[in-house]
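Thanks for coming, everyone. Please have a look at the structure on the screen, and then I'll walk you through some of its parts.

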Amino acid sequence: MADTDRMTLKDPVFGDIAPIKFEGPDSENTLAYRYYNKDQMVLGKRMEDHLRMAVCYWHTFCWDGFDIFGAGTFDRPWQNSANDRSAADAKMAAAFEFFTKLGLPYYCFHDVDVTEASATPDELSSNFKRASDRLGTYQEETGVKLLWGTANLFSHPRYAAGGLTNPDPEVAACAVRQIRDCLEATHRLGGENYVLWGGREGYDTLLNTDLTRELENFGRFLSMVVEHKHKIGFKGKILIEPKPHEPMYHQYDFDTATIYGFLSRFGLLGEVHVNIEPNHATLSGHSFAHEVATAVSLDMMGSIDINSGNYQNGWDTDQFNLDVRDITLALVELLPSGGLDTGGFNFDAKVRRQSNDLSDLFHGHIGGADALARALLAAADLIERGEIKDLKEKRYSGWNGSLGEKMLADGASLASIADQAASDSLNGKHSSGRQEYLENLVARSIK
């Protein structure tokens, strides 16, 4: 059988699990959606079109359950110790069987997720070309689409000191080659975004780091990515994923505001956006809603890797996000701006190391999808009721009055405002922020 022939598995891996369907809140079927009804209209759009959910290839099909304290705990049918071509092909067949049964519209991948082990950059380039051709065939067969692709510039030992920020130009050149190959493959596959998360673009100690050179190189190479995007006609967004630390002690993409400053410095505002992850937001000391609100305010919103962390840990645990309130607060900030256009909600999440049944993969994604759906309905209710918007407008209404307009007018100065305050004997008084009332509104909208 040729690589581009029909490649459906003769013996499906998930044959004992029926396609996941919406059955409503009263369903007793644990392998069904209770809230994610893709065709339900919410704020004038189908639920599927609001959420644009994707399954990630890496956690779902590449991770075997290992951690730094122990070997893998999973025994997936598509995994073997050799990591050869047959294993990579079996993994891809299983992945698209899973995507199809789950009924979600998108998936995401790193280049090395979809290939066998590659000893050299030449082998990786060749293996990835073959693998991306197979991805295209599976997409045609199943109708599943690519939300975004990205190059893995952190797993190989050569990237121990970073990819685009590496002190060795030969290593940086290898990183550029991987990005070029993966960006072009993402374009061929109809991907709607391309993500740059170098993973190790940062440093462990300043004692061996030329920070100025690394940031300048990062900006220069990112500009090249944007140039190549336009050269090949890729219409999707280029995204950077904020993360404060881990694996490096300090990463240059610390949070959305840091990335804004970086993009402004190198003239890339409007060309590069952000791919926000709630687990990364909390690691940086922010909330998920804060990062979304910042991205919206700075016109940088791109896509979302939806997960959560364990608040008892100081590292990235990539759990399925079931915190409906947390997601609702983020959607209240996102939806009034128009929501996600080319972006979506990618389940950058993994089942726990002890969850070694194949059905656990379905339970994790079903729970994540239903949490997103419940949050969407709650956020839509809050927006349609209008209390939050009305309270904000009232709270800031003074800036639309004569004093506010004078203070913000052209020609106003520190002295003129101070003189105005003195001449009018201004004595501003605090008014309630009504936080408890607003939090109760959020709680009441969550069903």
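Let's start with one residue. Val 114 sits in the loop between S4 and H4. Keep in mind that this is a predicted model. Is Val 114 buried or exposed? Its relative accessible area is 2%, so Val 114 is buried. Who are the neighbours? Leaving aside residues up to four places away in sequence, Val 114 touches Tyr 57, Ala 88, Met 92, Phe 109, Phe 128, Ala 131 and Leu 135. Now look along the chain. Val 114 and Ala 349 are 235 residues apart in sequence, and their C-alpha atoms are separated by 18 Å.

Two of those neighbours come up again in the core. Tyr 57 and Phe 109 are among the residues with the most contacts inside the largest nonpolar core, along with Phe 99, Tyr 107 and Phe 345. That core has 115 residues. Which helix gives the most to this core? Helix H11, residues 358-385, with 12 residues. As a general point, nonpolar side chains in soluble globular proteins tend to be buried together.

Stay with Phe 345 for a moment. Not counting residues up to four places away in sequence, Phe 345 touches a run of residues from His 50 through Leu 51, Arg 52 and Met 53 to Ala 54. Its other contacts are Ile 304, Ile 306, Leu 331, Leu 334, Leu 340 and Leu 372.

Arg 52 deserves a second look. It lies in the loop between helix H1, residues 47-51, and strand S3, residues 53-56. Its phi is near 45°, a positive value in a residue other than glycine. Most residues other than glycine have a negative phi. Arg 52 counts as buried, because its relative accessibility is 12% and the cut-off for buried is under 20%.

Next, the barrel. How many strands close into it? There are 8, in the order S3-S4-S5-S6-S8-S10-S11-S12, and the pairing is parallel. On average, neighbouring strands of this sheet are turned by 30° against each other, direction ignored.

Let's walk along part of it. Strand S6, residues 193-196, is joined to strand S8, residues 237-240, by 4 bridges. Asn 193 has Lys 237 in S8 as its bridge partner. From S8 we move to S10, and 3 bridges join these two. Here Ile 240 stands opposite Val 274 in S10. Another 3 bridges join S10 to S11. Asn 275 has Ser 303 in S11 as its bridge partner. Why is S10 described as largely enclosed by the rest of the structure? Because 5 of its 5 residues are buried.

Now the loop after S8. Both Glu 246 and Pro 247 lie in the loop between S8 and S9. A cis peptide bond joins Glu 246 and Pro 247, with omega at about 15°. Most peptide bonds are trans. Glu 246 also has a positive phi of about 65°, although it is not a glycine. At 27% relative accessibility, Glu 246 counts as partly exposed.

On to the helices. Helix H5, residues 169-188, lies across S4, S5, S6 and S8. It runs at about 160° to S6. Helix H9, residues 288-297, has these buried residues: Phe 288, Ala 289, Glu 291, Val 292, Thr 294 and Ala 295. What do they pack against? Helices H7, H8 and H10, and strands S10 and S11. After H9 comes Asp 299, with a positive phi near 55°.

Last topic: empty space. Rolling a probe the size of a water molecule over the atoms shows where such space is left. The second largest pocket holds about 530 Å³ of space. It is lined by 18 residues, and the closest to its centre are Leu 329, Glu 333, Ile 388, Lys 392 and Leu 438. H9, H10, H12 and H15 each give two or more residues to that lining.

There are also 4 cavities of 30 Å³ or more. About 90 Å³ of space lies in the largest cavity. Its lining includes Asp 111, Phe 128, Arg 158, Cys 174 and Asp 181. Helices H4 and H5 each supply at least two residues of that lining. Phe 128 closes our loop, since we started with Val 114, which touches Phe 128.

Definitions and conventions. Residues are numbered from 1 along each chain as its sequence is written. This is a predicted model: local features need pLDDT of at least 70, side-chain atom pairs count only at pLDDT 80 or more; totals for chains, interfaces and linings use all residues. Side-chain values use heavy atoms; hydrogens and water are left out. Two strands pair if DSSP finds at least two bridges between them. Axes are lines fitted to C-alpha atoms, for helices over the stretch in contact, and angles run from 0 to 180 degrees between N-to-C directions. Contact means heavy atoms within 4.5 Å. A nonpolar core is a set of buried Ala, Val, Leu, Ile, Met, Phe, Trp, Tyr and Cys residues joined through side-chain atoms within 4.5 Å. Buried means under 20% relative accessible area, exposed over 50%, partly exposed in between (1.4 Å probe, protein chains only). On a 1 Å grid over the protein atoms alone, a cavity is a set of points where a 1.4 Å probe fits but cannot get out, and a pocket is an open set with protein on both sides within 12 Å along at least five of seven lines; lining residues have an atom within 4 Å of a point. Grid points are joined across faces, edges and corners, and a volume is the space filled by probe spheres set on the points.
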